[in-house]
Amino acid sequence: MSAVDVAALVRTRARWPEAVAEAAARRARRPLLGESGRLMVVAADHPARGSLGVGKDPLAMADRADLLERLCVALARPGVDGVLATADILDDLLLLGALDGKVVMGSMNRGGLAGAAFELDDRFTGHRPEDLERLGFDAGKLLLRVDYEDPGSLTTLYATARAVDAMAARRLPVFVEPFLCRRTPDGVRNDLSAEAVTRSIAIASGLGGTSAYTWLKVPVTEDPDDMARVMETSTLPAVLLGGDIGTGPGDADHTFDKWRDALRLPTVYGLVAGRALLYPADGDVAGAVDTAVGLL
């Protein structure tokens, strides 16, 4: 991986903060869907929620230079359409010139910090719709976790609906990542049963005054064979989310097999994956990305 000059990045930020907006204005844009009609996006919005762990390393994503290098490698691979990240990371990638001709997706709600008492009151502390429009970015993404026993979920649900409206008013696609979840002694856990994922898709699909610009970002169910039935719940276009790939023998192959089958479904248009591709067990970012692209 080519080294990122952190000193140069910081120097530019300190002396020339306008460089971020200028780089955004110069950025060559493209349609959300390219000629293939598929979408392959690398995700790196985890750190802003305090979620830095990968596998057994709780701070794997804490080294920003290393993360940026991995992102640059991934974005340079054939078939990679773009990136999902928070403002700090996208600003760095703009300054590095890594976003020309790529889909840029801003992460909108990062207030539900991992492990916090208010985790499910997931406020919109990231990109606002007006920020995405001003910077010429291509889409937004938001996380919608619903725990029927946590009142904070209602705040997130309401804010999500208003964000869907605001994005539609700007004709900007918004990718909604829904989960039904519950609190456990080990923290918030997402329910990946077929029934729970089905209900979460139904809830997310009906938010806002129009669904014209809404996409879904959905997990593969615990039993991958349930995905065909689950995805019948909505006519909204969807992408799969990657999640943690695991570090055990055969974990990567098992994950790729699950993605391959789900990507054949008629409403599934692509994949958004982060840690699974940026931090593969063998350290080969390019190889992991190329394997994922091959599934499309």
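The legends below describe close-up views of a predicted model.

**View 1. The largest nonpolar core has 76 residues.**
L71, L93, M231, L240, W259 and L277 have the most contacts inside this core. Helix α11, residues 285–295, supplies the largest share of the core, with seven residues. A second core lies apart from the largest one and has twelve residues. Among its members are L39, A43, A139 and V272. As background, nonpolar side chains in soluble globular proteins tend to be buried together.

**View 2. W259 and its contacts within the largest core.**
W259 is among the residues with the most contacts inside the 76-residue core. Which residues does W259 touch, beyond those up to four places away in sequence? They are V220, L240, L241, G242, L271, A273, A276, L277, A292 and L295. Of these partners, L240 and L277 are also listed with W259 for the most contacts inside the core.

**View 3. Helix α6 runs from residue 152 to residue 169.**
The helix has 18 residues. From its first C-alpha to its last, α6 reaches 26 Å, close to the 26 Å expected at 1.5 Å a residue. Its buried residues are G152, S153, T156, T160, A161, A163, V164, M167 and A168. An α-helix has 3.6 residues a turn, so residues three or four places apart point the same way. What do the buried residues of α6 pack against? Their partners are α5 (129–134), β4 (139–146), β5 (174–184) and β7 (214–218). Also in view, the charged end of R162 sits over the ring of Y158, 5.2 Å from the ring centre.

**View 4. The two ends of α6: D150 before it and R171 after it.**
D150 is in the loop between β4 and α6. Its relative accessible area is 16%, so D150 counts as buried. Not counting residues up to four places away in sequence, D150 touches L120 and R183. R171 follows α6 and is placed in the loop between α6 and β5. Is R171 buried or exposed? R171 has a relative accessible area of 66%, so it is exposed. R171 is not a glycine, yet its phi is positive, about 55°.

**View 5. F175, W215 and Y269 form one aromatic cluster.**
The count of aromatic pairs comes to three. In one of them, the ring centres of W215 and Y269 are 5.9 Å apart. Their planes meet at 80°, over the 60 degrees required, so the pair is edge-to-face. This pair links distant parts of the chain. W215 belongs to strand β7, and Y269 belongs to strand β9, residues 268–273. The two residues are 54 residues apart. W215 is buried, at 10% relative accessible area. Y269 is partly exposed, at 32%.

**View 6. H127 sits in the loop between β3 (103–107) and α5.**
How accessible is H127, and which residues surround it? H127 has 5% relative accessibility, so it counts as buried. Neighbours within four places in sequence are left aside here. The contacts of H127 are then A85, T86, A87, L90, G106, S107, M108, L132 and F137.

**View 7. Helices α1 and α2, seen at A8 and A19.**
A8 is in helix α1, residues 6–15. A8 is partly exposed, with a relative accessible area of 23%. The C-alpha atoms of A8 and L95 are separated by 9.8 Å, although the residues are 87 apart along the chain. A19 is in helix α2, residues 18–26. A19 has 6% relative accessibility, so it counts as buried. Leaving aside neighbours within four places in sequence, A19 is in contact with T12 and L95. The C-alpha atoms of A19 and D91 are separated by 9.2 Å, with their positions 72 residues apart along the chain.

**View 8. Cysteines C72 and C181.**
How many disulfides does a search of the whole structure find? The search finds zero. C72 is partly exposed, with a relative accessible area of 22%. C181 is buried, with a relative accessible area of 7%. The cut-off for buried is under 20%, so C181 meets it, whereas C72 does not.

Note on methods. Residues numbered from 1 in each chain as written. Predicted model: local features only at pLDDT ≥ 70, side-chain atom pairs only at ≥ 80, totals over all residues. Heavy atoms only, no water. Core = buried A, V, L, I, M, F, W, Y, C linked by side-chain atoms within 4.5 Å. Buried < 20%, exposed > 50% of the residue type's maximum accessible area, 1.4 Å probe, protein only. Helix = DSSP H or I, 4+ residues; strand = E, 2+ residues; numbered from the N terminus. Contact = heavy atoms within 4.5 Å. Expected span 1.5 Å × (residues − 1). Disulfide = S-S within 2.5 Å. Phe/Tyr/Trp six-rings, centres within 6.5 Å; stacked < 30°, edge-to-face > 60°. Lys NZ or Arg CZ within 6 Å of the ring centre and 35° of its normal.
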